[in-house]
Amino acid sequence: MMKPTIAPAARYDVFNGDADGICALHQLRLVRPADDAVLVTGVKRDIALLRQVPTGARHVVVLDISLDANTADLRRVLDGGATVDYYDHHAADDAFPHSGLRLHWDPTPDVCTSILVDRQLGGRHRRWAVVAAYGDNLMGVASALARGAGVREQGAAALAHLGQVINYNAYGDSEADLHLPPATLYRALAPYADPFQFIADSEEYRLLSAGYREDCQRLQAARPHWERSGGAVYLLPDAPWARRISGVLANRLAAQHPGASFAILGERADGSFVVSVRSGAPGAYSACDLCRRFDTGGGRMAAAGINRLPGAQLDRFIDAFRQHFELDGVACQAG
């Protein structure tokens, strides 16, 4: 169901509710405060967010949501007289020139939106970009950024955990599945220029860490539904904990099995699935290309998803997954 349109205002900050979107906005607003901006965000998969921005807005910042999922509303907002600063690393095949649009876009697999903002700001709050990169599962990139920012190994581990729990909090069918609404979490960290101070002081951080530990315990029993050498498909039940932890499982599998590809399918009450895909070789086998074969699919080369896969298409998806990632050999299938 479409959310009600927000009452007109001059400024809007539109951002994905995951670690990358939150940390990207945080970096920008530490340098360019805009306390009057209306926050527009939601769960990780709620990406058609520009529809909530009314015609007549004067300045809009958009962070970490696909341009292709917002093209019509982007044009509407621009034609209504707004200037739009758009930072993203997802698909932008439908990008168009406009005098009011400043597009900062890079789809390469080792870039996230917070890194684009970090570049724009000359690294002024790089530690928050490190948090975002860890949350977006860019482990090597994040570690290199951390070293460049003078963060030692123990500190980098703390920033990695912060990124992971912020990102974990974004997964769910609705904000009711989350520990904290993304706008609330953003407001909680907004006063902190130093992420280590947020870790030390914040009750929100302790809440997310406790929830993360509890949900991770449930993953110990997870087994593949379908598996071949080089890839596997997991099915998770229709439960809030499973929706929260799906991204963690996908990122964990990708980290533990370099070069392999994975799909995590979370069942919904109506029998459909929400799908997360991680490509083990994004340059050769784009996760986004696979997901875009299905309605509501999209993302980026390394990580993509399908917002609603009908249950009747499960076998079709597994076969497409097998063919796309060229997974040959003996299949192992569980019920």
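This passage describes the aromatic ring pairs of the structure and one charge placed over a ring. The model is predicted, so local features need pLDDT of at least 70 and side-chain atom pairs count only at pLDDT 80 or more, whereas totals for chains, interfaces and linings use all residues. Residues are numbered from 1 along each chain as its sequence is written, and side-chain values use heavy atoms, with hydrogens and water left out.

Rings of Phe, Tyr and Trp (its six-membered ring) were paired if their centres lie within 6.5 Å, with planes under 30 degrees apart counted as stacked, over 60 as edge-to-face and the rest as tilted. Nine aromatic pairs result from this rule. One of them joins Phe15 and Tyr186 in a tilted arrangement, at 5.7 Å centre to centre and 55 degrees between the planes. Because Phe15 belongs to strand β1 (residues 11-15) and Tyr186 to helix α7 (residues 182-189), this pair ties together parts 171 residues apart in sequence; helices (H or I, at least four residues) and strands (E, at least two) are DSSP runs, numbered from the N terminus. Phe15 is buried, at 0% relative accessible area, and Tyr186 is buried too, at 8% (buried means under 20% relative accessible area, exposed over 50%, partly exposed in between; 1.4 Å probe, protein chains only).

Tyr285 and Phe325 make an edge-to-face pair, since their ring centres are 6.3 Å apart and their planes at 65 degrees. The two residues are 40 apart in the chain, Tyr285 in the loop between β9 (273-278) and α11 (287-291) and Phe325 in the loop between α12 (314-324) and β12 (332-333). Tyr285 is partly exposed, at 25%, whereas Phe325 is buried, at 5%. Both belong to a cluster linked by ring pairs, together with Trp226, Phe294, Phe317 and Phe321.

Finally, Arg75 lies over the face of Phe96, 3.8 Å from the ring centre; a charge counts as over a ring if NZ of Lys or CZ of Arg is within 6 Å of the ring centre and within 35 degrees of the ring normal.
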